[in-house]
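I am keeping these notes while I look through one model, entry by entry. Each entry records what I looked up and what I found.

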Amino acid sequence: MTLRLHNTLTRRKQVFEPLDAENVRMYVCGPTVYDLAHIGNARPVVVFDVLFRLLRQVYGADHVTYARNITDVEDKIIARAKETGEAIESVTSRTTQAYHDDMAALGALQPSVEPRATDHIAQMIAMIECLIERGHAYVADGHVLFSVLSMPDYGRLSGHSRDELIAGARVDVAPYKKDPADFVLWKPSTAEQPGWDSPWGRGRPGWHIECSAMSEEHLGEHFDIHGGGQDLIFPHHENELAQSLCAHEGRPFVNVWMHNGYVVVEGEKMSKSLGNFFTVRQLLEEGWPGEAIRLALLSGHYRQPLDITRDKIKESKVQLDRFYGALRATADIAPSDAAPPEGVVAALSDDLNTPEALAEMHRIGTALNKAGNAIEQGRLKGALLAAGRLMGLLGQDPEDWFKGGSGGEAEEIERLIAARIAARKAKNFAEADRIRDELAARGIVLEDGPQGTTWRLA
RNA sequence: GGCCCGGUGGCAGAGUGGUUAUGCAGGGGCCUGCAAAGCCCCGUACGUCGGUUCGAUUCCGGCCCGGGCCUCCA
């Protein structure tokens, strides 16, 4: 199966060929830990989780290294701590924990490594020194700046030339910059700001250098895939690319740059600055299953904008009901130990076409519902579950999916069902329907089947 | 202003130079005491105007509309 991925650098789908099939390496930009992750932050996590799963399927689980960083030094963190009076370490550790919990609720696997910026200050300093030495950076007014003019190719990833950037500039240029396009590698810290000793005094890193330093540390100078949200193309990834390329004297850095589209709300980009966001946690607290949120995030192609609404999450939940319904109906059938279905692998191999993969899963689901014998059922059930594993879906016990959250009422529900079965046996359908209506009013739907009566939460 | 994306049936959302996904919602049927679930059938969509072509939703160009980037952002 040929894997094809869209490369932001060439703006085309390209056949993916790993540098080393024994160790395929991917880096994805993780969160700045100052606040709960909103659904827009969750999108790349889920999208690249599917890619991680696919790569593990293709190259073997032990032959993929996935690094996703935690940015735990950044001005927004400092601002948040100052605002609330909470210690910085407390803000970052609390937020990191929340991030882990929320992403786990969305069914995302842990990355192979999760480097923290504050653990890599020495590597950043070393890289900055190297950039200064090679004439790509300069010290000015306690800052170290990257010299954009020192890199003729600057702007290739985002498609912006330095001249355009300056022409369209929306912000005032700091006086210590030699050129308006230059960006900060290192900046001085005041006594109350977090800081580390460096050749340029006590200070802290600029935003972009951490990813250059950490990807090199954990994946090497040259690796396969670098991912993130579209909004990172500029300036973050453009600058990261510039730093790494210049520090490595032009040797290759990343083979494939991948960027997921925005989550939008009523057509507009979701962002913290616009305030039109909702957090993953909010949705979970509203009672939406994490798996339904995950499916909603995978319901559109990753490069397209995605409008996340409660309606869409609801529809995703209904789709999961359909899958789990098929699995529940074959609960007593052992699934075959199947490889993921070819159609699903093919869809995902075509630049992560998750909607097509989902369509294929629905075809399998329908076939499973129709299957006439245990062998066929076992085969299709195995195929569906294998597809689910690749997508990070259908990992729950169907009974838990349908009955989870019903708390301690299960016993009483079973008692009422037994009473209804007795009434039906006695052909007392009025009483049977009364019991069913009573349960329906509590959000419990009954299903009478050949093997008896089952129930689920509506 | 410069540079990028998009506009598909009621909704969501893939895809394709000719056979027109998938899910939801809707209509009809089978099954059921009645339902639910499941299964079957149905609805022929691709912004607009031109061009290329035997044939275009799919390729090319103009236009209209929406969104994004141009140093806060996943």
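Entry 1, a base of the RNA. Which residue has a side-chain N or O atom 3.1 Å from a base nitrogen of RNA strand B? I looked this up and found that the residue is Glu315. I also note, before going further, that this is a predicted model, so that each value below is read as computed from a prediction.

Entry 2, the sugar and phosphate side. I next looked for contacts with the sugar or linking oxygens of RNA strand B, and found a polar side-chain atom of Lys76 at 2.8 Å from one such oxygen, while for Tyr262 a polar side-chain atom lies 3.5 Å from a sugar or linking oxygen of the strand.

Entry 3, the surroundings of the strand. I looked up how many residues surround RNA strand B and noted 57, with Pro180, Trp207, Gly229, Leu232 and Arg436 as the closest. Of the atoms of RNA strand B that come within 4 Å of the protein, 63% belong to sugar and phosphate. When I sorted the surface near RNA strand B by class, I had 18 nonpolar, 21 polar and 18 charged residues. Helix α12, residues 354-370, gives the largest share of this surface, with eight residues.

Entry 4, a pocket. I then turned to the second largest pocket, which holds about 470 Å³ of space and is lined by 19 residues. Nearest its centre I found Arg328, Ala329, Gly449, Gln451 and Thr454. The elements α10 (310-329), β14 (444-449) and β15 (452-457) each supply at least two residues of this lining, and by class the lining divides into five nonpolar, eight polar and six charged residues.

Entry 5, aromatic rings. I looked up the aromatic pairs and noted a count of eight. One of them joins Tyr27 and Phe223, whose ring centres are 6.4 Å apart and whose planes stand at 50°, so I wrote this pair down as tilted. Because Tyr27 belongs to strand β3 (residues 24-28) and Phe223 to strand β9 (residues 223-229), the pair ties together parts that are 196 residues apart in sequence.

Entry 6, the backbone. I began with a reminder that most residues other than glycine have a negative phi, and that most peptide bonds are trans. Against that, I found that the peptide bond from Phe234 to Pro235 is cis, with omega near 0°, and that Pro235 lies in helix α7 (residues 233-247). I also found that Arg11 has a positive phi, near 55°, and I placed Arg11 in the loop between β1 (4-7) and β2 (12-15).

Entry 7, confidence. Lastly I looked up the scores, and found that chain A averages a pLDDT of 94, with 99% of the residues scoring at least 70, while the model as a whole has ipTM 0.95 and pTM 0.96.

How values were computed
Residues numbered from 1 in each chain as written. Chains lettered and ligands numbered in written order. Predicted model: local features only at pLDDT ≥ 70, side-chain atom pairs only at ≥ 80, totals over all residues. Heavy atoms only, no water. Near = heavy atom within 4 Å. Polar contact = N/O pair within 3.5 Å; in protein donor to acceptor, adjacent residues only side chain to side chain. Helix = DSSP H or I, 4+ residues; strand = E, 2+ residues; numbered from the N terminus. Nonpolar A, V, L, I, M, F, W, Y, C, P; charged D, E, K, R; others polar. 1 Å grid on protein atoms, 1.4 Å probe; cavity = no way out; pocket = protein on both sides within 12 Å on 5 of 7 lines; lining within 4 Å. Points joined across faces, edges and corners; volume = space filled by probe spheres on them. pLDDT = per-residue confidence, 0-100. Phe/Tyr/Trp six-rings, centres within 6.5 Å; stacked < 30°, edge-to-face > 60°.
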